[in-house]
Amino acid sequence: MTRWRLFIPLALLVGLCWGKSPASAQDKRYKRDTLQVAFLDVAQADAILIRLGRRAVLVDASRGDDIVQYLEEQGVDSLVAAIVSHNHDDHIGGMDAVLASYPVALYLSNGRPPVNGNGANVEAIIAERGIPRPSPPWAPIILGDARITVRLSPLPDSQASENNSSLAVLVERG
């Protein structure tokens, strides 16, 4: 009986490893059918990468240009959408570098005028590169069988601060 207890786990281990080649760095970065949502550790700033296979959406871009390095490390070569929840530096700070470095199919924001130099840079790059910026309400963004819905704040502009005018992003799968 003791022999069988040892044999079964060992057989399972050999069976799992048999014929497997080491995964390449590219394979480790993404899986075709796995929805990944990464909340980036960027101190007092926000950035979220949502991806399914090679398709990716970026929500906010932290405070600095280091977001581009992170996207490179993750194997991102283009964005289905770049979304900025609102125009404060800790959300839009690195978006100018992202928009200048990657093809972006769609840009969504709360539509309020820029409140800082980064916001003005983003506006200039969007115009220069001709990045589509549709008016709300927006159609859902589809990543395989995942659906990303972006909504405006329900508060009227006259009654809301920049923070309270943030976009809401809902990710659903299945």
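## Overall picture

A residue counts as buried under 20% relative accessible area, as exposed over 50%, and as partly exposed in between. With that in hand, let's walk through this structure, which is a predicted model. Its protein chain holds six helices and eight strands. Followed along the sequence, these elements come in the order α-α-β-β-β-α-β-α-α-β-α-β-β-β.

Of the 174 residues in the protein chain, 39% are buried. The chain exposes about 10300 Å², and carbon and sulfur atoms supply 55% of that area. Sequence-distant contacts feature here too: among contacts with a separation of 6 or more, 61% are between residues 24 or more positions apart.

## The strands at the end of the pattern

Strand β6 (residues 141-143) pairs with strand β7 (residues 146-151) in the antiparallel sense, over three bridges. Within this pairing, Ile-141 sits opposite Ile-148 of β7. The hairpin formed by β6 and β7 has two residues between its strands, and Gly-144 takes a positive phi near 60° there.

On to the next partner: β7 is joined to strand β8 (residues 168-173) by six bridges, and the two run antiparallel. One residue to look for is Thr-149, whose bridge partner in β8 is Leu-170.

## A closer look at Val-37

Val-37 belongs to strand β1 (residues 35-39). Its relative accessibility is 38%, so Val-37 counts as partly exposed. Leaving aside residues up to four places away in sequence, Val-37 touches Ile-48, Leu-49 and Ile-50.

Try finding Val-171 from here as well. Val-37 and Val-171 are 134 residues apart in sequence, yet their C-alpha atoms are 9.3 Å apart in space.

## A buried aspartate

Asp-60 lies in strand β3 (residues 55-61). This residue is buried and has no salt bridge; Arg-63, the nearest side chain of opposite charge, is 11 Å away. What Asp-60 does have is a side-chain polar contact of 2.7 Å with His-91.

The surroundings of Asp-60 are worth clicking through. Not counting residues up to four places away in sequence, it touches several residues, including Asp-46, Ala-47, Ile-48, His-86, His-91 and Met-95.

## Salt bridges

Side chains of opposite charge can pair when their charged atoms come close. Searching the whole structure turns up four salt bridges. One of them joins Arg-54 and Asp-77, with 3.2 Å between the closest N and O atoms. This pair links distant parts of the chain: Arg-54 is in the loop between β2 (47-52) and β3, while Asp-77 is in the loop between α3 (66-73) and β4 (81-83), 23 residues apart. Arg-54 has a relative accessible area of 34% and is therefore partly exposed, and Asp-77 is also partly exposed, at 43%.

Glu-123 and Arg-133 form another salt bridge, their closest N and O atoms being 2.6 Å apart. Because Glu-123 lies in helix α6 (residues 117-129) and Arg-133 in the loop between α6 and β6, the pair ties together parts ten residues apart in sequence. Glu-123 has a relative accessible area of 28%, so it is partly exposed; Arg-133 is partly exposed as well, at 32%.

A further salt bridge brings us back to the hairpin, where the side chains of Arg-173 and Asp-145 meet at 2.7 Å, N to O. Arg-173 is in strand β8 and Asp-145 in the loop between β6 and β7, so this pair links distant parts of the chain, 28 residues apart. Both partners are partly exposed: the relative accessible area is 39% for Arg-173 and 45% for Asp-145.

Notes: Residues are numbered from 1 along each chain as its sequence is written. This is a predicted model: local features need pLDDT of at least 70, side-chain atom pairs count only at pLDDT 80 or more; totals for chains, interfaces and linings use all residues. Side-chain values use heavy atoms; hydrogens and water are left out. Two strands pair if DSSP finds at least two bridges between them. Helices (H or I, at least four residues) and strands (E, at least two) are DSSP runs, numbered from the N terminus. Buried means under 20% relative accessible area, exposed over 50%, partly exposed in between (1.4 Å probe, protein chains only). Contact means heavy atoms within 4.5 Å. Accessible areas come from the Shrake-Rupley method with a 1.4 Å probe; for residues, only the protein chains shown count as cover. Lys and Arg count as positive and Asp and Glu as negative; His and the chain ends are not counted. A polar contact is a pair of N or O atoms within 3.5 Å; within protein, one must be able to donate a hydrogen and the other to accept it, and residues adjacent in sequence count only if both atoms are side-chain atoms.
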